[in-house]
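Open the model in your viewer and keep the sequence panel beside it. This tour tells you what to select and what to look for at each stop.

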Amino acid sequence: MADVDSITVEVIHNYLLSAAREMNRNLMRTAYSTLIYEVHDFGLGIYDRECRLLAEAPGLAVFTRSNDYGLNKMVEFLGYDNIHPGDVILLNYPYWSSTHTLDVMAASPIYHKDELVGFTAVKEHWLDLGQKDPGYCLDTIDLAQEGLVFPCSKIYSKGVLNKELEQLIRFNSRMPDRVIGDMNAQISACRTGERRVQELVEKFGVETYAEAVKKMLDHGERLARKRLAELPDGTWSAEDYVDDDGVVRDQKMRLQATVTIAGDEMTIDWTGSDDKCKGPMNVPIGTTEGVCALVFKSITTPDTPANEGNFRPLKVIAPEGCIMNAQPPSPTFTLWTALIAPEVVTKALAKGMPDSIPACSGGDIFSLMGVGTHPETGKLWIESTNEGIGFGGHSADDGESGIMHMTEPGCRNNPVEVLETKAPWLIENYGLRADSGGAGKHRGGLGITRTYRFLSDASALTLVKKTKTSPWGMADGEDGQAGAVIVRPGTEREQVTGAIYEEVAAGDVIINQSGGGGGWGNPLDRDPALVLDDVRNEFVSVVAAREKYGVIIDPDSMTVDNMATDELRTSMSSAPN
């Protein structure tokens, strides 16, 4: 084996990171769907021949980690002997690809001459594969309703396009041009990564490249173990609830995580979570591993690029058949359970390290989607966006407001101008949601309010599963306000709800309100000057300043009455809970 110095290792490492970023840019430049080039609803990476992650680029982090699982299943299913130069393989069988059917992974092998040296993988959201409902499915009860499935199917075989498979995709989609266009962008990104790694291996040689990869991954492991060893040992458990499974609408679903830190290793165990559900909220094990890895990295190596070595000290347990380890033919289409799951882990960790863990965020991505026939083009339109949420306060400061959910660190929401250009609706209001952040010494961040008026008949979908329980506060901080969807406000048909899929008429309005973060610390310990700033900025109302923080503010002069504030706080602190 070649003896590779640290400088060469870093050169190779940064070349791989650059190659992943180039894959990212090419994907966004050539994609047809706003979900890809605006929202970044994709995850991509470069892997070695053992399917170990070497480099990734910003996108949906959970996708990249679930690709790790999917690649291993692909190799297990096909075998190395059936993987050739020029192949591109599509996988969306949920229990292997680790998401739902519309999140399709494309993978291509990387060969140097006749030797397999690695893989590229790109997972992105396709708009339609003939699933039960156009856009998104909220109430499927088995995989057969969730669209066309690719069990490691070659769209390119030895560099030759499989035209029969391409036509099968085209004829099984309600939006074939956009789906095929996005697929080609995905394949182009894979090819970009292939070329860059081939150039790298050609320059340094297979042995040097392989040894540099080994050292990269070992270094990633050492960093994670070093940080884990600095954290307190212990075992802590927590639970939280998902609104419903989309079919049994009056029953919340329980998630329980038990986290153990022992020296330089961590175990996350989902035993105690509910069994599989009837609706499409079951989570494949690869996604469960992905959300656990996301939390793990955030507390161990948040400042370094991710690679497989970072996650070697992490063990994930989820009994087969529970909601966190879906088995065929359980429906998985909605997957929103996976958005609640990471904060169940942080809730458990907070019991052992309260000064290092923030309170709960708004807890969901509060996605709204419209589907219909465009009045100008006569074609089917599908557009959506996710909302920012409030993040939880923590021991050092307030939570941030209007930030993408923790599972989407590389994602964005769709700009108003793009939404209104692409779809027949009008965004009438868009701003921070006052009083949504939990009160505390360090206030929770604010959620978002956005108002949609539909300009033509359509279907409206809201993907929201964190409305029946509140984002939890910490250290005597108060809970944040849960999110809500208000359909046809101010009319006889007004309803306040979470997830919906229903017909709307031209002129109908939907208000999407995302959750605020929990507060940290006793609200009576918050500096009155900070409360005054919050009121001036319209983050907190005058009424909430008095009732939650015990701060009396004159709304005309916008000043604090210090004497009245001291008296009120004294009475509030001595009052029984």
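**The whole chain**

Start with everything selected. Buried residues make up 59% of the 577 residues in the chain. Keep in mind that this is a predicted model. Color by secondary structure, and you can pick out 13 helices and 22 strands. How compact is the chain? Its radius of gyration is 25 Å, close to the 25 Å that the globule rule gives for 577 residues, so the chain is as compact as a globular protein of that length. Turn the model around. The C-alpha atoms fill a box of roughly 80 × 60 × 40 Å along the principal axes.

Now think about contacts. Take those with a separation of 6 or more: residues 24 or more positions apart account for 71% of them. Switch on the surface too. About 22000 Å² is exposed, and carbon and sulfur atoms supply 50% of that area.

**Stop 1: a hairpin**

Select residues 42-48, strand β1, and residues 53-56, strand β2. The two pair in the antiparallel sense over three bridges. Find I46, then look across to A55 in β2, which stands opposite. Together β1 and β2 form a hairpin, with four residues between them. Click on C51 in the turn: this residue has a positive phi of about 65°.

**Stop 2: a loop residue, D133**

Next, select D133. It sits in the loop between β5 (115-125) and β6 (151-157). Is D133 buried or exposed? Its relative accessibility is 16%, so D133 counts as buried, since the cut-off for buried is under 20%. Which residues does D133 touch, leaving aside its neighbours within four places in sequence? The contacts are D139, R174 and Y501. Add Q145 to the selection. D133 and Q145 are twelve residues apart in sequence, and their C-alpha atoms are 8.8 Å apart in space.

**Stop 3: a four-stranded sheet**

Select strands β8, β9, β10 and β11. They form an open sheet in the order β8-β9-β10-β11, and the pairing is mixed. Which strands stand at the edges? They are β8 (234-242) and β11 (314-317). Each has a single partner strand, so one side of each is left without a neighbour in the sheet. Neighbouring strands here are turned by 15° against each other on average, direction ignored.

Zoom in on β10, residues 265-269. Four bridges join β10 to β11, and these two strands run parallel. One pair to click on is D269 and I317: the two stand opposite each other, with I317 in β11.

Now add two helices. Helix α8, residues 285-300, packs on the sheet and touches β10 and β11. The direction of α8 makes about 145° with that of β11. Helix α9, residues 337-352, also packs on this sheet. Its contacts are with β8, β9 (253-262) and β10. The direction of α9 makes about 145° with that of β8.

**Stop 4: a five-stranded sheet**

Hide that sheet and select β14, β15, β20, β17 and β18. This open sheet has the order β14-β15-β20-β17-β18, with antiparallel pairing. At the edges stand β14 (425-432) and β18 (495-497). Each has a single partner strand, so one side of each lacks a neighbour in the sheet. Neighbouring strands are turned by 15° against each other on average, direction ignored.

Focus on β15, residues 448-454, and β20, residues 509-513. Five bridges join them, and they run antiparallel. Click on Y452. Its bridge partner in β20 is I510.

**Stop 5: a second loop residue, S456**

Move along the chain to S456, in the loop between β15 and β16 (458-463). With 10% relative accessibility, S456 counts as buried. What is S456 in contact with, apart from its neighbours within four places in sequence? Show T373, P375, P424, A505 and A506 to see those contacts.

**Stop 6: helix α12**

Last, select residues 542-549, helix α12. Its buried residues are A544, A545 and Y549. Look down the helix axis. These residues cover an arc of only 105° around the axis, which puts them on the same side of α12. What do they pack against? Their partners are α11 (528-536), β21 (553-554) and α13 (562-574). Finish just after α12, at G550, which takes a positive phi of about 65°.

Definitions and conventions. Residues numbered from 1 in each chain as written. Predicted model: local features only at pLDDT ≥ 70, side-chain atom pairs only at ≥ 80, totals over all residues. Heavy atoms only, no water. Pairing = 2+ DSSP bridges. Axes fitted to C-alpha atoms, helices over the stretch in contact; angles between N-to-C directions. Contact = heavy atoms within 4.5 Å. Buried < 20%, exposed > 50% of the residue type's maximum accessible area, 1.4 Å probe, protein only. Arc of directions from axis to C-beta. Rg over C-alpha atoms; globule rule 2.2 N^0.38 Å. Areas by Shrake-Rupley, 256 points an atom, 1.4 Å probe, with all protein chains shown as cover.
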